[in-house]
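Got your viewer open? Let's take a walk through this protein, one selection at a time.

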Amino acid sequence: MRLRIRHTTKYSFDQPVTSGLQQLRKTPKSSHDQTVLSWRTGIVGGKKELSFDDHHNNVVELLSIEKGATSLAVTSEGEVEIAELHGVVGPHIGPAPLWLYRKPTQRTRAGQNVVRLLQSVPAGEPLERLHGLLRAVHEAVAYEIGASEPEWTAEDALLAGRGVCQDHAHVFVAAARHMGLPARYVSGYLMLNDRIEQDAMHAWAEAHIDGLGWVGFDPSNGISPDTRYVRVATGLDYSDAAPVIGTRTGGTGERLAVEIEVAQQ
């Protein structure tokens, strides 16, 4: 399937920006199941300084904000071809070793709620058990927009019994790592069946299984990723794969607007 994506982030400031830098992780990479046919980043109110691949093999673009700017608009857009591999991403590549993805973070530390969730998952081979975990997370954490806080951990989401895709991914990753498997957070784009316009990127998880490599699991929808999913960035948790992180001086009174369009070509 060929998907067309357009992702625009607009900032408005009450006071001019003195200086500012942003790291963008919004660029997909060609890999086992997807081919990037075209991609570009347009910037108004700033400029691209450089780009590099980080230790998770993500494309990172560093941009600066113009001195005195009262607005900034960043548009990332292009076309990506997706093959149907039933969620199997394939062998591990990149500089980060596999053992790193067994390491818990503050957001993905397994406490009593994660352990209790795992106790409800039937025993079996790793792939079979991960599909059981997928169903367990889907049932334990109801999807509810605006239900969680940005800094929530896997334990917080399970305790509340609700959350968004970011929370689902953190719970799955925490549980998979507690099983002894490498697991990672994934951010990307998802083509929805009922609309083109969206207001946020999607998130899911991947676990590494001997003989298969990385396999994707989307607890929010209770399925493994298919040809509607475009992988963009991966990491130990959300902080490694966030679409935008940055710092600035000046530019008080920030207002943010996000526009995302994902459609089949």
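**First stop: a helix and its cover**

Start with the buried residues of helix 2: what covers them includes helix 1 (112-119), helix 4 (165-178), strand 12 and strand 13 (213-217). Keep in mind as you click around that this is a predicted model.

Now select helix 2 itself, residues 126-140. Which of its residues are buried? Colour Leu130, Gly132, Leu133, Leu134, Ala136 and Val137, and you have them. Some of the spacing may look familiar: residues three or four places apart on an α-helix point the same way, because there are 3.6 residues a turn.

Here's a quick check to try with the distance tool. Helix 2 has 15 residues, so at 1.5 Å a residue it should span 21 Å; the C-alpha atoms at its ends are 20 Å apart, which agrees.

**Second stop: the largest pocket**

Next, select Cys165, Asp199, Ala200, Met201 and His202. Of the 36 residues lining the largest pocket, these are the closest to its centre. The volume of this pocket is about 1100 Å³.

Which elements should you light up around the largest pocket? Strand 1 (2-12), helix 4, strand 10 (183-190), strand 12 and strand 16 (255-264) each give at least two residues to its lining. If you colour that lining by class, you'll get 19 nonpolar, 10 polar and seven charged residues.

**Third stop: the second largest pocket**

Move on to Ser31, Asn57, Ile93, Arg184 and Arg231, the closest to the centre among the 18 residues that line the second largest pocket. This one holds about 230 Å³ of space. Show strand 14 too: with four residues, it supplies the largest share of the lining. By class, the lining here splits into six nonpolar, nine polar and three charged residues.

**Last stop: a cavity**

How many cavities of 30 Å³ or more does a search of the whole structure find? Just one, with a volume of about 100 Å³. To find it, select Asp33, Gly87, Pro225, Asp226 and Arg231, which lie nearest its centre out of 16 lining residues. You've already met Arg231, at the second largest pocket.

Finally, show strand 7 (88-90), strand 12 (202-209) and strand 14 (229-235), each of which supplies at least two residues of the cavity lining. Colour the cavity lining by class and you'll count eight nonpolar, three polar and five charged residues.

Conventions. Residues are numbered from 1 along each chain as its sequence is written. This is a predicted model: local features need pLDDT of at least 70, side-chain atom pairs count only at pLDDT 80 or more; totals for chains, interfaces and linings use all residues. Side-chain values use heavy atoms; hydrogens and water are left out. On a 1 Å grid over the protein atoms alone, a cavity is a set of points where a 1.4 Å probe fits but cannot get out, and a pocket is an open set with protein on both sides within 12 Å along at least five of seven lines; lining residues have an atom within 4 Å of a point. Grid points are joined across faces, edges and corners, and a volume is the space filled by probe spheres set on the points. Ala, Val, Leu, Ile, Met, Phe, Trp, Tyr, Cys and Pro count as nonpolar, Asp, Glu, Lys and Arg as charged, and the others, Gly among them, as polar. The expected span of a helix is 1.5 Å times one less than its number of residues. Buried means under 20% relative accessible area, exposed over 50%, partly exposed in between (1.4 Å probe, protein chains only). Contact means heavy atoms within 4.5 Å.
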